[in-house]
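Work through the exercises below with the model open. Each task is followed by a worked solution.

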Amino acid sequence: MVKEKTKKQKKDISMWTTIIIVIAVVYILSLLLPSGSYQRTESGTAIPGSYEVVEKIYLSPLDVIMKVGDQAYNTFGKLFVTLMIISGLMGVTNSTGVLDKALANMIRKFKDKALLIIPVYVFATGVLGAMGSMISTVVLFVPLGLSLAKQLKADRAFAVGLVICGSFTAVMSSPIHMLTSVMGQTIAGIPEYSGAGLRTIVTVINLVIVSAFLMLWVKRCQKDPSIYEKNFSGAEIGDGMDNVQEYSPLTGKEIIILLLFFGTFIFFAAGGVALELSMLPLASVVLPLVLVIGFLGGYDLDETMKHWVKGTGGMAGVMLFMIFACYMNVILNNSGVLDTLVYYVSLPLSYLSGSLATIGMFIANAIINIFINSGSGQTAIMMPIMAPLADVLGVTRQMSVLALQYGDGFTNLLAPTSVNLMACLAAAKIGLKDWYKLCVPLYAILAIVLIASIFVGTAIGYC
């Protein structure tokens with residue numbers, strides 16, 4: 001008799017375990033590191049050379065807990081309302097089956113050219129990301145990415161990569177991003193929107209790399225059907241392309257539903273920039289459109305609201321996760337160690353020169369970004385330090401702005417402290433391990449491009 005041996009499969013570390021571990025590490029650091037601060041100007045920018053150690057601030061666990069509610073409300077209150085509306089839109093639209101039918105028809109029509117959907121999407125979101133849009137709201141697009149992943153027979157990591165890599169990659173080198181490039185140039189005392197040539201070239205190259213990488217990733221998934229089956233349950237697969245046996249033209253009502261659906265996302269992604277509308281007015285406009293889609297789908301009011309509630313239920317875990325992430329912000333902002341981290345990370349740069357110094361600035365800002373997820377916050381704190389440091393090290397101030405911009409963007413999709421990344425992973429129901437399998441090799445390639453551009457910029461006296 002042959003003994004059957006059962007091997008326990010290694011269980012991936014969940015998002016909840018990860019965030020608790022990160023919170024614990026940040027809290028321990030707040031107890032071990034000295035409290036300190038930079039003097040700041042009226043605009044909130046740090047004054048170089050003004051860092052000094054202050055009396056140690058110890059936060060008790062109760063201090064942290066009592067502040068989390070306010071932090072979450074002030075940081076994500078508007079986004080939570082928006083998530084409820086947009087997830088309702090997804091719930092009602094998905095229930096009609098129109099989205100899956102349209103995607104299946106498109107893929108069957110394009111056949112081998114279906115992968116061309118990927119570069120079109122990546123470049124479209126890249127343009128929006130470069131303008132500063134589709135960053136904090138990128139989690140809203142994850143259900144759309146999952147639908148495309150199912151139709152292309154890819155995995156959940158691809159779904160996240162598709163919706164997040166285009167916009168976040170463009171942020172890294174955008175020539176027009178107000179909160180990193182333009183703000184950094186203003187603080188550094190150089191012309192706003194200057195140096196657009198090199199930044200644009202790097203952005204285009206990076207988006208081409210992202211598109212090609214994701215296309216190859218899908219082909220890899222398609223060669224091994226077990227990947228698709230492991231990532232999506234039988235019910236989910238049944239709701240996808242396999243449920244549409246033949247090409248079936250869309251009806252007039254279905255076309256209108258699609259126009260409203262995709263028009264909503266375009267309106268949301270670009271409306272803030274073009275119409276200067278904030279998140280809540282944009283969401284308020286979408287609210288009645290969900291009811292219209294339900295009516296076009298043949299639902300009465302009660303049925304529409306039933307599907308709406310079902311859709312919002314999927315976002316409850318995401319919002320709870322974002323609340324947990326606020327523990328880190330509370331600890332760093334109230335313990336006095338944030339400026340200390342900035343100070344110690346910037347110290348080694350004074351021993352480097354030329355291209356290596358700029359690469360050091362890039363790495364330093366990438367590390368700082370793990371703790372300061374806000375692009376504007378990091379620029380305000382670091383740029384006053386980077387600009388005079390560039391003068392001392394013999395590189396142009398434009399290079400210091402570029403290094404800060406690269407660093408701020410590079411770890412956005414790698415750091416477990418990135419709220420946007422972790423929210424997207426929670427929405428897609430995958431862990432960091434699966435995400436890193438896709439993201440680490442992709443960003444290793446992008447790092448080569450960024451470092452090469454630093455050498456080029458230093459050699460030509462980029463200004």
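**Exercise 1.** Which backbone oxygen does the side chain of serine 211 reach?

*Solution.* Start with the ground rules. This is a predicted model, where local features need pLDDT of at least 70 and side-chain atom pairs count only at pLDDT 80 or more, while totals for chains, interfaces and linings use all residues. Residues are numbered from 1 along each chain as its sequence is written, and side-chain values use heavy atoms, with hydrogens and water left out.

Step 1: locate the residue. Serine 211 sits in helix α8 (residues 196-223). Helices (H or I, at least four residues) and strands (E, at least two) are DSSP runs, numbered from the N terminus.

Step 2: find the partner. The side chain reaches the backbone oxygen of leucine 207, at 2.9 Å. A polar contact is a pair of N or O atoms within 3.5 Å; within protein, one must be able to donate a hydrogen and the other to accept it, and residues adjacent in sequence count only if both atoms are side-chain atoms.

Step 3: check burial. Serine 211 has a relative accessible area of 3%, so it is buried. The cut-offs are under 20% relative accessible area for buried, over 50% for exposed, and partly exposed in between (1.4 Å probe, protein chains only).

Step 4: list the neighbours. Leaving aside those within four places in sequence, serine 211 is in contact with Ile118, Pro119, Val122 and Phe123. Contact means heavy atoms within 4.5 Å.

**Exercise 2.** Treat serine 87 in the same steps.

*Solution.* Serine 87 lies in helix α2. Its relative accessibility is 5%, so it counts as buried. A polar atom of its side chain lies 3.3 Å from the backbone oxygen of methionine 84. Not counting residues up to four places away in sequence, serine 87 touches Gly311, Thr312 and Met315.

**Exercise 3.** At roughly what angle do the axes of α6 and α8 cross? Then do α4 and α8.

*Solution.* Axes are lines fitted to C-alpha atoms, for helices over the stretch in contact, and angles run from 0 to 180 degrees between N-to-C directions.

Step 1: the axes of α6 (residues 156-173) and α8 cross at roughly 170° and come within 8 Å. Therefore α6 is roughly antiparallel to α8 (angles over 145 degrees count as roughly antiparallel). The residues in contact include Gly161, Cys165 and Thr169 of α6 and Thr203, Asn206 and Val210 of α8.

Step 2: the axes of α4 (residues 117-130) and α8 come within 9 Å and cross at roughly 145°. Among the residues that meet are Pro119 and Gly126 in α4, and Ser211 and Leu214 in α8.

Step 3: assign handedness. The α6 and α8 crossing is right-handed. The α4 and α8 crossing is right-handed. A crossing is right-handed if the near helix is turned clockwise from the far one by less than a right angle, and left-handed if anticlockwise.

**Exercise 4.** How many residues apart in sequence are asparagine 206 and tyrosine 443? Repeat for methionine 322 and alanine 72.

*Solution.* Step 1: asparagine 206 and tyrosine 443 are 237 residues apart in sequence, yet 9.6 Å apart in space, C-alpha to C-alpha. Asparagine 206 is in helix α8 and counts as buried at 0% relative accessibility.

Step 2: methionine 322 and alanine 72 are 250 residues apart in sequence and 7.6 Å apart in space, C-alpha to C-alpha. Methionine 322 is in helix α14 (residues 316-335). It is buried, with a relative accessible area of 2%.

Step 3: set this against the chain. Of the contacts with a separation of 6 or more, 80% join residues 24 or more positions apart.

**Exercise 5.** Is lysine 429 buried or exposed? Compare its backbone with that of lysine 153.

*Solution.* Lysine 429 counts as exposed, at 67% relative accessibility. It is in the loop between α19 (419-428) and α20 (432-459). Its phi is positive, about 60°. Lysine 153 also has a positive phi of about 60°. Lysine 153 is in the loop between α5 (142-152) and α6, and is partly exposed at 28%. Most residues other than glycine have a negative phi.

Conventions. Parallel < 35°, antiparallel > 145°, perpendicular 65-115°, else oblique.
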